[in-house]
Amino acid sequence: MSAPRPALAVASEIAPLVKTGGLADVVGALPGALAPQGWALRTLVPGYRAVMAALKRPKPVADWPDLLGRPARLLAAEVAGLDLLVLDAPELYDREGSPYLDAAGNDWPDNDLRFAALCKAAALVAGGAVKGWRPELVHLHDWQAGLTPVYLAEAGLATPTLLTIHNIAFHGLTAANRLAALRLPEVGYSLDGFEYYGHISALKAGLTGARALTTVSPTYAQELMTEDFGMGLDGVLRHRRADLGGILNGIDTTVWNPATDPAIRPFSTPAGKAANARILRAEFGLAKGAGPLAVVVSRLSDQKGLDLLLAALPGFLAGGGQVALLGSGDRRLENAWLTAAAAHPGRVGVRIGYDEALSHRMYAGADAVLVPSRFEPCGLTQLYALRYGALPVVARTGGLADTVIHANAAALAAGCATGILHQPGSVGALDQALAQLCALWRQRDTFRQIQRNAMRHPVGWEASAPLYAALYARLTVDNRETA
Ligand code: ADP
Ligand code: GLC
C-alpha cells in the first residue's frame with residue numbers, strides 16, 4: 001500500500017477536546033474515517049485552555065513572534081488518536097468561557113483576530129512551517145477557517161482548499177476598518193472577494209476563495225442556493241454552483257453502539273429499550289406512560305424550532321405523549337421550557353445544561369427523538385436516534401430529509417420506514433406528526449418494525465468517507481496539473 005497522503009484540516013472545535021455542537025463531532029471523526037481511504041489528516045485547532053490542558057508532551061514545531069501582531073507557537077500533539085497542531089497564542093485563547101463567547105454569553109470582541117490568526121497559521125503550515133511535513137490539501141470548516149485562502153494567495157501558495165459549510169447562519173463578520181489589523185489585502189475587499197455589505201466576511205472569503213465547497217447533506221447543498229436558506233449568501237453559492245456538493249455526515253458507530261454503550265443498559269433489539277425507558281422516566285420524574293416517550297437533545301436556538309414544539313405540546317400530551325428535554329442556549333427558550341415542565345409535572349421533564357452521558361441514556365430510553373428544526377444542515381441527533389431504535393420525528397429539511405424515511409403507507413408496506421417527517425416551520429404540521437407518532441405507538445407491531453428498520457439503517461461514515469477521499473483526490477490532481 002502507498003504511504004498515506006498528508007492533508008491539513010482547520011477548525012474551531014474538535015471532539016472530544018472542545019465541542020459546542022455537531023461540528024466538533026464531525027471534525028473529530030473525519031481523520032479516522034479518512035485514514036482507511038489513504039489520507040492522513042492533521043487538524044489545526046486553537047489552543048483554548050481546555051485544549052492546552054489535554055495535551056501530553058506537546059512538541060513545539062514552529063515559533064511565530066508576530067502572528068498578526070501577537071506571539072504564538074505551534075505545538076504538535078496526539079490526543080485521543082487525533083494528530084493535532086495546536087496554535088498556542090495565550091493572548092487570543094487562554095481565557096475562561098466557550099470558544100466563541102465570554103462568561104456573560106457575548107461574542108469575544110476580538111473573535112475576528114482570534115480566528116484570522118488560525119487561518120494565517122494554516123497558510124504558514126501549508127507553506128512548510130512544520131519541518132518535514134507539508135499538506136497536499138487544506139480542508140476548512142466554517143467561517144472560522146474562511147480566511148485561509150486569502151492568506152494562502154498572499155503567500156503565493158497554490159495548495160488546494162476545500163471549505164465545508166456546517167452552518168451558514170454564522171458569517172464571521174467584522175468591520176471594514178479591521179483590514180490592517182487582520183493584515184488582509186485591500187484588493188480582497190470587493191464584491192467577488194470577502195466584502196459583505198460594508199463588512200469583512202470570513203465566511204465569504206472562504207466561499208469565494210476555496211477551490212471546492214461542500215456542505216453536510218445533499219439537500220442542504222440545494223437549499224443553500226435559495227433565498228430562504230442562503231442567509232444572504234445564496235447568490236455567492238449559486239455563482240459557485242459547479243463547485244458545491246453535499247456529503248452527508250456520519251456518526252462514530254463504535255461510540256454510539258447500543259449493544260456496548262457503557263452509559264446505558266445495553267440492548268440490540270427494541271424490546272431491550274424498556275429498562276432504559278424506566279431509568280429515563282425516573283431521571284426526569286415522568287409517570288408511567290400511556291403514550292410515546294419523546295426526547296429532545298439540542299442547542300436551544302431559533303434554528304432548532306423548539307418554540308414550535310412548545311406550541312404543539314398540549315396536543316401531544318393530550319394524546320398520551322411525554323417529553324424529556326436536555327438543552328441549553330437561548331435564555332428565553334430555557335425559561336419557556338422550564339415553565340412547561342412546571343405546568344405539566346410527570347409529563348414534561350427538562351434539564352438545562354450539557355451532559356453527554358445523559359444524552360446517551362435519553363436516546364436509549366426514548367420511543368422517539370424530536371427534531372423540528374427550521375433548517376438543519378445535517379443533524380446528528382436523528383442519526384443517534386436511528387441507531388438506538390428511537391423513531392426520529394423530524395422536519396423535512398437539510399440532512400433530516402436525507403436520513404429519515406417517512407412512515408407513509410408505501411414505506412410501511414415496503415418495510416423500510418424509519419421515522420416521521422413533517423413540513424418545517426409549521427405548528428400544524430408538527431401537531432400532525434406527533435399525532436401520527438401516538439397512533440403508530442399504539443400499533444405495537446408496526447412500531448417495533450419501524451424501530452428495527454431504524455436500527456439497521458447505516459449511519460456511519462462508510463458511504464461518505466469515500467466521497468471525501470474522491471474529492472480530495474480530484475482537487476489534488478487539479479493542483480498537479482495547474483502547478
Ligand atoms: P448542531 O451542531 O446544530 O448543534 P447536531 O445535531 O449536528 O446539531 O449536533 C449536536 C451535537 O451536540 C450532538 O452530538 C448532540 O448529541 C449534542 N448535544 C447538543 N446539546 C446537547 C446537550 N445539552 N447535552 C449533550 N449533548 C448535546
Ligand atoms: C452544524 C449544523 C448541524 C450539523 C453540524 C455538523 O452545527 O447545525 O446540522 O450536523 O454542523 O456538520
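Buried means under 20% relative accessible area. Keep that cut-off at hand as you tour this predicted model.

**Stop 1: a salt bridge within one helix**

Select helix H9, residues 234-239. Both Arg238 and Asp234 belong to this helix, 4 residues apart, or about one turn. Show their side chains and you will find a salt bridge, with the closest N and O atoms 3.0 Å apart. Which of the two partners is buried? Asp234 is, because its relative accessibility of 7% falls under the 20% cut-off. Arg238, at 37%, counts as partly exposed.

While you have charged side chains on display, add Lys19, Asp25 and Glu356: salt bridges with shared partners join these three into one network.

**Stop 2: two salt bridges between distant parts of the chain**

Next, select Arg42 and Asp83. Their side chains meet in a salt bridge, at 3.2 Å from N to O. Colour strand E2 (residues 39-46) to see where Arg42 sits, and strand E5 (residues 82-88) for Asp83; the pair links distant parts of the chain, 41 residues apart. Arg42 is buried, with a relative accessible area of 12%, while Asp83 is partly exposed at 28%.

Now move to Asp112 and Arg178, whose closest N and O atoms are 2.6 Å apart in another salt bridge. Here the link spans 66 residues, from Asp112 in helix H4 (residues 111-126) to Arg178 in the loop between strand E8 (173-175) and strand E9 (195-196). Asp112 is buried at 11% relative accessibility, and Arg178 is partly exposed at 24%. If you want to keep hunting, the count for the model comes to 19 salt bridges.

**Stop 3: the parallel sheet**

Switch to a cartoon view and pick out the open sheet of 6 strands, in the order E15-E14-E13-E16-E17-E18, with parallel pairing. Which strands are at the edges? Strand E15 (348-352) and strand E18 (420-422), each pairing on one side only. Neighbouring strands are turned by 15° against each other on average, direction ignored.

Zoom in on strand E17 (residues 391-395), which runs parallel to E18 and is joined to E18 by 3 bridges. Select Val394 and look across to Leu421, its bridge partner in E18.

**Stop 4: helices on the sheet**

Finally, bring up helix H12 (residues 331-343). This helix lies across strand E13 (293-300), strand E14 (322-329) and E15, at about 145° to E15. Then add helix H13 (residues 356-365), which packs on the sheet and touches E13, E14, E15 and strand E16 (368-371). The direction of H13 makes about 145° with that of E13.

Technical notes. Residues are numbered from 1 along each chain as its sequence is written. Chains are lettered from A and ligands numbered from 1 in the order in which they are written. This is a predicted model: local features need pLDDT of at least 70, side-chain atom pairs count only at pLDDT 80 or more; totals for chains, interfaces and linings use all residues. Side-chain values use heavy atoms; hydrogens and water are left out. Two strands pair if DSSP finds at least two bridges between them. Axes are lines fitted to C-alpha atoms, for helices over the stretch in contact, and angles run from 0 to 180 degrees between N-to-C directions. Contact means heavy atoms within 4.5 Å. A salt bridge is a side-chain nitrogen of Lys or Arg within 4 Å of a carboxyl oxygen of Asp or Glu. Buried means under 20% relative accessible area, exposed over 50%, partly exposed in between (1.4 Å probe, protein chains only).
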